[in-house]
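Welcome, and let's take a walk through this protein together. Have the model open beside you, and we will go from the whole chain to its finer details.

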Amino acid sequence: MRKQVLGPILNQNGASQVQGNTATHFIVAQGYKLTDEERYKQLEGCAFVTPMWVTAAIKNGFAHEPVYYSPDPEMIFSGMVVTSYDLSEYDEHHISGLVKDFGGMYIATLSNDVTHLVTMSAESGKFFANVNEGTMTIVARQFVEQSTKLARHLHEKWYAWPKPLLLTSKTTELISSENIQHTTYVPFGEPSIHPPSHPSDFYLKVHHSNKFNLDPKPYLAHECIYIEPALKRKLPDSMNWKKHLMAAGAQTAETYDSTKVTIAIVENRSSVTYLQASKDAKFVASCWWLTNTMWRQEFIPPFRSLLDYPSPKGMITEKSSSIIVTISGYRDITTNYYLQYLAAYCGFVYSAVLTKETNYAICASKHSKLYQPAKEMNVAVVNHIWLEECFRDWKIYPPDKDRYIYFFESKNITMEDLVGLTQIDTEQSRYWWSDQIIRPKEAKLVYKDWKEFTSKSIVDEFKKKHRSLPQQALPAEVSSNSSLVTEESRPGSSKEKRLRSVTPASTPQVNYTKRLRSSEASSEP
């Protein structure tokens, strides 16, 4: 929810908008981390809340304690009012503790302001689901436990009664990109790294339509967008992006003017405009955010997605280019590419095969094709959260954290459906532009091909196996001496035929991100 919308709502309900230090409540975007100065204000009694605090107060007729509406991304249950039914005394104490520890409010009895009811009884779950009028979500206990284990607000649909898909072992409905509501987006622009050259089905669909919607809702009203000239030249006029922005209510600026510009689209975190706009408390975004936003037709702050925010210019360390990663089990081709981009920006080498030289196998589940072979070869096996957090925090983490090696036991759900939930840490992002903090180090980005680290016999066998396919970043495979076992794209499969039907071309840079969960967002303070 933007401040232009919040303002009238606050005025209508008796609140006064003020500027400066006289405010008692600061409404900020979900996922925003407070500065040291803001934490000091908090200790003095000022409240920092998300827009959900406002909407909940209007809905309930009274305001909850601000502490339960923290913008801190680590408070994954912020804005939730939870109660339980039919749990043992031990389980109730356990669940209530987790809810409170991660930012939510737990109350002992059912009331009108409850947003989530936790129960493990199938009978109780079905009963409440049937009588519920859409005012609350009825979930199994595992929703709370697994969300805290992975430090992410997981998809509630997986745990919702009357049919919690995660707990239904006999269900034939697989949780996949077709069942979880999300959309992939394809930004345009010349590559700054070596991206996969094969476009996804969604890219082909968009490419053939060749234009953005020219009649969107005014979701960018009151925004003024500045795009660095180097990036503006990469946006094809044929896509009608200028007309789309105008129709969406946005103004565009030819030069960066801090009195007018609200959003700055920049090339990377070394850009002069990035540094100045960040100091001016403007939204700074990548070109990917711009095109993603035009496909979404919805304003979502750039820091809510890793690649919507400007990336560093270099790689994490000089050692990054000697780290080889492979990806397995992420069957959606756009998700696979998204992870390849993250790896490339970290400076890692993406390998199309699993060999003894591979350092990390990023797997979606224990049932992934390369999971067991990687274990047998003493290759570190992690899920994609390891890669996302390496990029987010700009450091190479050891692969031993619980959430990096966690995999769902159910075959119905894999880690693939959690790709894209990691967001930029706004507190750490200040290190890149603040004059008061030492800027993170970055090494010059060096591209290395995985074939440089692999024996000629394996490379030749790989080329022979895929000689009929266009040059592209293929799904990972496992190398065992002289034989190659294909991961997902088997010869003659429908996926291979689909890939083979596409003629390789010089395609623009492509980034693929899952749709962010719908949530309210406001401007930074």
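Helices, which are runs of at least four residues, and strands, which are runs of at least two, are taken from DSSP and numbered from the N terminus. With that naming in hand, you can place Pro162 in the loop between H6 and H7, and we will come back to this spot later. Please keep in mind that the model is a predicted one.

Let's begin with the whole chain. The protein chain holds 17 helices and 17 strands. Of its 525 residues, 55% are buried. Among contacts with a separation of 6 or more, 70% join residues 24 or more positions apart. The accessible surface of the chain is about 24100 Å², and carbon and sulfur atoms contribute 50% of that surface.

Now look inside. In soluble globular proteins, nonpolar side chains tend to be buried together. Here, the largest nonpolar core has 93 residues, and the members that touch the most others are Ile225, Ile265, Leu290, Phe348, Trp386, Leu387 and Phe408. Helix H12, residues 333-346, supplies the largest share of this core, with seven residues. There is also a second, separate core of 17 residues, including Trp53, Ala56, Val114 and Leu117. To get a feeling for the contacts, try Leu290: beyond its neighbours within four places in sequence, Leu290 is in contact with Ile225, Ile227, Leu235, Leu245 and Ile265.

From H12 we can step across to helix H14, residues 384-393, since the axes of the two come within 9 Å and cross at roughly 40°. H12 and H14 are therefore oblique to each other, and H12 passes H14 in a left-handed crossing. On the H12 side the contact involves Tyr338, Leu339, Leu342, Ala343, Tyr345 and Cys346, while H14 brings His384, Leu387, Glu388, Cys390 and Phe391.

H14 leads us on to helix H6. What do the buried residues of H6 pack against? They pack against H14, helix H4 (89-101), and strands S5 (116-118) and S6 (137-139). H6 covers residues 142-150, and seven of its nine residues are buried, so the helix is largely enclosed by the rest of the structure. Those buried residues are Gln142, Phe143, Val144, Gln146, Ser147, Thr148 and Leu150.

The axes of H4 and H6 come within 10 Å and cross at roughly 45°. That makes H4 oblique to H6, and H4 passes H6 in a left-handed crossing. His94, Ile95, Leu98 and Val99 of H4 meet Val144, Glu145 and Thr148 of H6.

Finally, let's visit some details of the backbone. Most residues other than glycine have a negative phi, and most peptide bonds are trans. Just after H6, Ala151 takes a positive phi of about 60°. Farther along, we return to Pro162: the peptide bond from Trp161 to Pro162 is cis, with omega near 15°. Lys163 is also found in the loop between H6 and H7, and at 45% relative accessibility Lys163 counts as partly exposed. The C-alpha atoms of Lys163 and Gly125 are 8.7 Å apart, although 38 residues separate the two along the chain.

Two further stops have a positive phi. His222, in the loop between H7 and strand S7, has phi near 75°, and at 58% relative accessibility His222 counts as exposed. Asn378, in the loop between helix H13 and strand S15, has a positive phi of about 60°. Asn378 is exposed too, with a relative accessible area of 72%.

Methods. Residues are numbered from 1 along each chain as its sequence is written. This is a predicted model: local features need pLDDT of at least 70, side-chain atom pairs count only at pLDDT 80 or more; totals for chains, interfaces and linings use all residues. Side-chain values use heavy atoms; hydrogens and water are left out. A nonpolar core is a set of buried Ala, Val, Leu, Ile, Met, Phe, Trp, Tyr and Cys residues joined through side-chain atoms within 4.5 Å. Buried means under 20% relative accessible area, exposed over 50%, partly exposed in between (1.4 Å probe, protein chains only). Contact means heavy atoms within 4.5 Å. Accessible areas come from the Shrake-Rupley method with a 1.4 Å probe; for residues, only the protein chains shown count as cover. Axes are lines fitted to C-alpha atoms, for helices over the stretch in contact, and angles run from 0 to 180 degrees between N-to-C directions. Angles under 35 degrees count as roughly parallel, over 145 as roughly antiparallel, 65 to 115 as roughly perpendicular and the rest as oblique. A crossing is left-handed if the near helix is turned anticlockwise from the far one by less than a right angle, and right-handed if clockwise.
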